[in-house]
Structure formats: C-alpha cells, structure tokens
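User: I have a protein model open and would like to understand the terms used to describe it. Could we go through them one by one?

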Amino acid sequence: MVGDLRVRGASVVGAGHRCEHPALPRQDAYRVAQDRDGRHLIIAVADGMADSSRAELGAQAATGQAVALIRRHLDSGRRPDEILATGLYERIASAMIQSAEERGLTADDVRTTLTVAVVDARPHPGRSRSLWTCRLGDTEVWYRTSDEWVTMIGAPKSAFDGNALHEFLPHYPDAVVQRTFAIRPGAVFAVMTDGVSDALAEVEGFAQWLHARWAEPPPLASFALDVDFDAPGQQDDRTSVVVWTGRGADRS
C-alpha cells in the first residue's frame, strides 16, 4: 500500500533462460519506491537486451538510478510533470556507462529498455489523479478498461522485426517519449516487459484471463504465479508491476 494505491510486482526468469545450459540470469529488473512524504508512487521497469553480455546489470542500474533521481526531484517539492524526460534518461545513461566501465564492461554490454511511471498516491479532493510516464524501448504501460487491456504508452511491434530494438539505453536517451494522463478513480494500470505484454497480443484467451485475474489485487503468491504463466512460444523473462488506484479521487 502507498497512499490509496495497492501495488503488486513480480519478475521471473523465463523458460528460455531457465533451460539454457548453463542457465542464464533474469535480464528484467524493476524498482518501486515512494517520495519522502508518501504522495507519489514511483515505478521503474527495465528489460535488458538478450544480445548484451551483462544485460541484467544494465537493467538493474537503469531502474535503480531512475528511482533515485525521480525521488530526489519529488523530494525537492517539484511535480512529476516538471521532469524533463530527456535530461532524466541522459543522467541514467551516464550512470549506466560509469557502472559498466567500473566492471571492465562497455556500454554495449549493458543495453536495456526502461519505462518509468509516477502516480499520485494521495490525490487532492476535487482534482484528477495524474499518471506521468516515459518510455524507451518496448517495455509498455497498459490500462485495464471494463472489458480489455489497452496500451497507454507503447507501439505495436512490427510483424517483420518485432524483437529488434533500434532505440535503447544507454545509447539513445534522447529518444525517450513521455506522456501525462489523468486517470479515473478505481483505475488499474500495469507496467510490463514484453515477456508479459507480447502474450496479451499473441496468446489466445490470455488477455481475457489476466483481465479477470487482476480485477482486484490477488494474494502475492498468486500474483507471482500469474506472471510466471505457461504458454506456447512465450519463453522470455516476465515482469509486471500492477497498480489498483483508490476510488476517492474525483473523475476528470
């Protein structure tokens, strides 16, 4: 619980990495945090790129640095929508490169996606709840409507090179896209790596199943098992952070 938000998060190794010989580490990472006054929930989710030799380090560095920088911004009394996403991602990229060099690695060894989100945990009476988010790569933010899941920030993958990324950290911080949304009371949204979001689009019946499963916050163990679903062709690591908002904020 953060304010009137209920939060669940899980990150699991996909079958593709578990079954390698030797097994590979989970290349996804996530962090959740709150600002000093508990007025905002901060989420960072990253998916390290499989063709980077230490992708897991890149994902961990990106999420950790993102949360630290955003928390510092909020603790100074500034609003989430005053964050300049390009400046934020440039600082994250610099920290990633420094961390890699300290380990004798290059920037190519730690490439990753990164999506961050900041949501009001205690919206003021008479004001809509805001969700600020920015994205680089194919880690997406999804919104649960009354009958389906829809993408809030993200883009459909190409049928020809759906798994090929052309913009990522630490190389392309200026390619980040940011948006601010006003969301209704009782809204549910999720920040997901493509290990989960691809299945929403590709696996028959999965979106409907997850829509029903996540109508309300499940027990933690059940949520982890939901993220660790089994489906044909879905071998990637999976990460999802889901937020169920309170119903006290006024409709925008």
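User: What makes up the accessible surface of the protein, and how much of it belongs to carbon and sulfur atoms?

Analyst: The accessible surface, calculated by the Shrake-Rupley method with a 1.4 Å probe, comes to about 11700 Å², and 47% of that belongs to carbon and sulfur atoms. This is a predicted model, in which local features need pLDDT of at least 70 and side-chain atom pairs count only at pLDDT 80 or more, while totals for chains, interfaces and linings use all residues. Residues are numbered from 1 along each chain as its sequence is written, and side-chain values use heavy atoms, with hydrogens and water left out.

User: How do you know whether the radius of gyration agrees with a compact globule?

Analyst: The rule for a globule is 2.2 Å times the number of residues to the power 0.38, with the radius taken over C-alpha atoms. For 252 residues this gives a value near 18 Å, and because the protein has 17 Å, the two agree.

User: Why are residues called buried, and what percentage of the protein counts as such?

Analyst: A residue is buried when its relative accessible area is under 20% (exposed is over 50%, partly exposed in between, with a 1.4 Å probe and protein chains only). By that cut-off, 53% of the 252 residues are buried.

User: Which residues is V116 in contact with, leaving aside its neighbours within four places in sequence?

Analyst: Contact means heavy atoms within 4.5 Å, and with those neighbours left aside V116 is in contact with I43, A44, A66, I70, L88, Y89, W132, T133 and C134.

User: What percentage of contacts between residues at least 6 apart in sequence join residues at least 24 apart?

Analyst: In the protein, 74% of those contacts do.
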